[in-house]
Amino acid sequence: MEGSLRFAFGAAWGRDLPTGEVLASLRGSLESAFVSLSSRANPSWLGWMDLPDQPLDQILEAARWLQGFDAFVQVGIGGSALGNLMLHQALVGDLVLADRRPAFFLADNPDPMKLEEIWAKVKDTDFALVGVSKSGSTAETTSQFMWFLQRLGYATDRVLLITDPQGGVFRAFVNETGCRSLPLRSDVGGRYSVLSPVGLLSAAALGVDVAGILKGARSMRDMLLADGAFDFNPAMRLACAHLYHEISGRPIAVIMPYSSRLERFAEWFAQLWGESLGKAGRGTTPVRALGAIDQHSQVQLYMEGPDDKFFTLIDVKFPSDQVIPQVPFKSLEPIGYLAGHGLGEMLRSEAMATAASLAGQGRPVAWIEMEGLTPESLGELIFFYEFTTALTGLAMGIDPFDQPGVEQGKRYTYGLMGRQGFEQDAKRARESFGQIMNDVI
């Protein structure tokens, strides 16, 4: 296929090839799902497919505004946070984020210790506050927004909200105060929002080429939609393998990139996959691994533990390498074979070795190669997994865009925190929690 990604599915079935009847059934379900996606049969949650075409003027103007501050704090959780961390790590790097101007801090988990750490970093700086919530009622986000807003002295000229363009608490706040805002389309769900202002604003403020990200996503979208033939569509092929392994007793989906810059990508994938597909007793559990680190913590289980996992390894071609030197000590002669090779060369060799070991053991493995880690290639990878996830859910017969299980926890939280109208939820939450506490030692 065109683009910077290459896909290999030769070992994707593992030791047990599907029968012709099973494969035909899966293909039929996926072809119907493809038609549903490509024809926008249910457009209410498909705005993410249009995001690669969005104009960037408002986002870039807001990014330039943020660049005038020493730092900015973004409050958000789930899809309003993981995508930011993924883009920043992949295209900027972890070690330099806090040392940049503007420095970036993410208040996601409402952990008071983390909040205090962020405050210690920004309290003596000129910082801005970015809040991300479609409704403005997500308790974890709004509580931290209120906390930082107070410490800003309620200076709403240093606040920007990314929220629904029409309604909700945050939109009402924008209308009341006149603070800056960017729209979050109502037809874009949180875990599919990374290519919207939710993810792109902070990345642009940190100097990332967000136009390149959208270019890559657009290229991948157009390629996937251009050919609904199963044999030539990598999203349909990967979705088919996941569906087959779910019904074959492999309820775990392991994603294992071989680049430290993609560790957060695996976390982003885990939310996208788990929250989209874990419904009605269906779905596979996403497991994050990082090569080569988890060769020394998980691969023993993967090789000789239960055959209940489907593996996807992501190999990255590095733009430059660091050569391992020859060291003039006799005691180190046994490891002299490494001299002259690159560290990146070794990491890619380890990716190949792990994939080969798993395949040789009969474990199912899919392989994705990235020509490099660039804005364009990351945009391709992001859209590929969004499309594959949506395709898999529709083929399963579930809605990959809602999250009813998450909503119940939100209602219980509202009730326990005293929100009016949720008194019965608080009562049920206390009753259910009481069952847990019936046996305390």
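Modeller: Buried means under 20% relative accessible area, exposed over 50%, and partly exposed in between, with a 1.4 Å probe and protein chains only. The model is predicted: local features need pLDDT of at least 70, side-chain atom pairs count only at pLDDT 80 or more, and totals for chains, interfaces and linings use all residues. Residues are numbered from 1 along each chain as its sequence is written, and side-chain values use heavy atoms, without hydrogens and water.

Colleague: Is Val327 buried, exposed or partly exposed?

Modeller: Val327 lies in the loop between β9 (309-316) and α12 (343-360), helices (H or I, at least four residues) and strands (E, at least two) being DSSP runs numbered from the N terminus. Its relative accessibility is 34%, so Val327 counts as partly exposed.

Colleague: Between which domains does the largest nonpolar core lie?

Modeller: A nonpolar core is a set of buried Ala, Val, Leu, Ile, Met, Phe, Trp, Tyr and Cys residues joined through side-chain atoms within 4.5 Å. The largest has 95 residues, and helix α13 (residues 375-396) gives the most to this core, with 11 residues. Domain bounds come from an automatic or database domain assignment. Both domains give residues to this core, so it lies between domain 1 (5-39 + 213-396) and domain 2 (49-208).

Colleague: How many residues of domain 2 are in contact with domain 1?

Modeller: Contact means heavy atoms within 4.5 Å. The centres of domain 1 and domain 2, taken over C-alpha atoms, are separated by 30 Å. On the domain 1 side, 30 residues are in contact with domain 2, and on the domain 2 side the number is 25 residues.
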